[in-house]
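Hello! Let's walk through a protein model together, one question at a time.

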Amino acid sequence: AFTRARVIYDVHEDVPQQILTKQWIPALLRRPLAAVFNTFEKLLTRVLDAVVVATEGIAEKFSRLKPIVIHNYPDLEMLPSLSTRRGEGERVLVYVGGISKLRGAIEMVRALEYLNPSWDARLDLVGKFETPELEQELQALPGYRRVRFLGWLPWELAWEHAQTTFAGLVLFQPAPNHTNSLPNKLFEYMAAELPVVASSFPLWKEIVEGNRCGITVDPLDPKAIARAIEYLLTHPEEARRMGENGRRAVEERYNWGKEAEKLVRLYRHLLEQ
């Protein structure tokens, strides 16, 4: 107010819903904290110049303020150029990101138990474990024998590695903050020409199956995840086409270039006021 600067509230998550799933917050405090933040957020937005949100689901929450939806799609110019190297990665699955129970870590590893051993498939985990206890829990599972933990990698190296693999997994559990989210990794797998195995949330299903770039499954069912993986392994040509379809969809629609145009228009409008 004092500087006359324009202030934009950029919302990528439904934070009150997110608070309800945070394991590091004592359970008794989660609902009161979520309610306090929800009230604070509503008061804050009344004095701002614009609200920008990452998904249509979050937009509904701020509908009275006429928010601008700017999807957090990948910037193709920042992604490593496509590689034709598949080599040993032909039977390697990949997950890139924070490794947590809510993001399907246990179900991904348990799914490996149900794969035919003759496929010699493995899962590469690229990222950080949410807690040391989760790492120990995963290591105790039989499927962990097929896991290679690569740890945190710089962003460029993580996606260069992903390009050498066979398929990308994004199997978030149906937490309130997940079902209407658009995780970056989904579109980055697509940009890397990887067929995806993703949670069957309606929004994700529309993107994945609508663009024929992967398979959606119940993320709580390791056997269903394994069946989807085996389908890709036993239909390599179809899996390759799914990867190509995903890349095409990102190039034509799900990329930052088109979203940036909307954001620049908003900045110009606010500066002209």
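Below are some questions and answers about the overall build, the cores and two chosen residues.

This is a predicted model, in which local features need pLDDT of at least 70, side-chain atom pairs count only at pLDDT 80 or more, and totals for chains, interfaces and linings use all residues. Residues are numbered from 1 along each chain as its sequence is written, and side-chain values use heavy atoms, with hydrogens and water left out.

Q: What is the radius of gyration of the protein chain?
A: The radius of gyration is taken over C-alpha atoms, and the globule rule is 2.2 Å times the number of residues to the power 0.38. For 273 residues that rule gives 19 Å, and the chain comes close to it, so the chain is as compact as a globular protein of that length; its radius of gyration is 20 Å.

Q: How many helices and strands does the protein chain have?
A: Helices (H or I, at least four residues) and strands (E, at least two) are DSSP runs, numbered from the N terminus. Counted that way, the protein chain has 11 helices and 9 strands.

Q: Which residues touch the most other members of the largest nonpolar core?
A: A nonpolar core is a set of buried Ala, Val, Leu, Ile, Met, Phe, Trp, Tyr and Cys residues joined through side-chain atoms within 4.5 Å. Buried means under 20% relative accessible area, exposed over 50%, partly exposed in between (1.4 Å probe, protein chains only). In the largest core, which has 62 residues, the members touching the most others are Leu123, Leu138, Tyr189 and Met190.

Q: Which helix gives the largest share of this core?
A: The largest share amounts to 7 residues. They come from residues 222–234, that is, helix H9.

Q: Is Ser100 buried or exposed?
A: Ser100 sits in the loop that links strand E4 (92–96) to helix H4 (105–113). Contact means heavy atoms within 4.5 Å, and beyond its neighbours within four places in sequence, Ser100 is in contact with Ala105, Glu130 and Leu134. With a relative accessible area of 8%, Ser100 is buried.

Q: What is the relative accessible area of Gln17?
A: Gln17 belongs to helix H1 (residues 15–19). Not counting residues up to four places away in sequence, Gln17 touches Pro176 and Asn177. Gln17 is partly exposed, and its relative accessible area is 28%.

Q: How many Å apart in space are Gln17 and Arg31, C-alpha to C-alpha?
A: In sequence, Gln17 and Arg31 are 14 residues apart. In space, their C-alpha to C-alpha separation is 9.2 Å.
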